[in-house]
Every structure is written in structure tokens, then in C-alpha cells.
Amino acid sequence: MPLLATLSEDRLRSSVRGHVLRLLAEHARQQQERFAGAATLPVEARLATWLLAQAAASPRAQVELPGTQQELAELLG
């Protein structure tokens, strides 16, 4: 395999590896914030945070609530 092709593949692998690590780090940070919030925030604050995050993720800023209060409680911790 030519040297340039090897270097190009190495750069691609490094780029993909960096991207995956950034995604994993972001996911870990979000989970840590969620667990910290569940342990320290009152339920009203957890609900408000969840509603805002769901609305931000929705193209029409609409939030679909889970079917029951129990399901919502489990989501909020």
C-alpha cells in the first residue's frame, strides 16, 4: 500500500476515533448531570428541566408526555 494511502487511512481512523470519543464524553456528561439532578433537585425542577430538553429536541417544540404518572416519575428519577 502506498505511503500516502496509509497516512490518509490513519488520519481518517484518528478523526473517527476523536469523533466517537467526543460523542461518548458528551453522553457521559449528560448522564452525570441527569444523575446529579435526580439526587439534588426537587421534582418540580427535574420536570421543568426535562420539559425544556424535550421541547428543544422537538422540531415543533412540542412535548409528548409518557402515558402514566408512574412512567413520568420513572423518567424523572
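How exposed is D10, in terms of relative accessible area? In this predicted model, D10 is partly exposed, with a relative accessible area of 39%, and its side chain meets that of R13 in a salt bridge with an N to O distance of 3.7 Å. Both residues belong to helix α1, where D10 and R13 stand 3 residues apart, about one turn of the helix. R13 is itself partly exposed, at a relative accessible area of 48%, and forms a further salt bridge with E9, for which the closest N and O atoms are 3.6 Å apart. E9 and R13 are separated by about one helical turn because they lie 4 residues apart in helix α1; E9, in turn, is partly exposed, with a relative accessible area of 32%.

Elsewhere in helix α1, R29 forms a salt bridge with E33, the closest N and O atoms being 2.4 Å apart. R29 and E33 are 4 residues apart in this helix, about one turn, and R29 is partly exposed, its relative accessible area being 36%. Salt bridges that share partners join E9, D10 and R13 into one network. Over the whole structure, the search finds 4 salt bridges, among them the pairs E9 with R13, D10 with R13 and R29 with E33. In general terms, side chains of opposite charge can pair when their charged atoms come close.

The analysis of empty space gives a largest pocket of about 380 Å³. Of the 16 residues that line this pocket, the closest to its centre are Q30, E33, R34, T49 and W50, and E33 is also the partner of R29 in the salt bridge described above. The elements that contribute two or more residues to the lining are α1 (3-40), α2 and α3, and α1 gives the most, with 8 residues. By character, the lining residues divide into 6 nonpolar, 6 polar and 4 charged.

The loop between α2 (43-57) and α3 (69-76) contains A61, which has a positive phi of about 55° although it is not a glycine. S58 lies in the loop between α2 and α3 as well, and its side chain reaches the backbone oxygen of Q62 at 3.2 Å. With a relative accessible area of 19%, S58 is classed as buried, because the cut-off for that class is under 20%.

Technical notes. Residues numbered from 1 in each chain as written. Predicted model: local features only at pLDDT ≥ 70, side-chain atom pairs only at ≥ 80, totals over all residues. Heavy atoms only, no water. Buried < 20%, exposed > 50% of the residue type's maximum accessible area, 1.4 Å probe, protein only. Polar contact = N/O pair within 3.5 Å; in protein donor to acceptor, adjacent residues only side chain to side chain. 1 Å grid on protein atoms, 1.4 Å probe; cavity = no way out; pocket = protein on both sides within 12 Å on 5 of 7 lines; lining within 4 Å. Points joined across faces, edges and corners; volume = space filled by probe spheres on them. Nonpolar A, V, L, I, M, F, W, Y, C, P; charged D, E, K, R; others polar.
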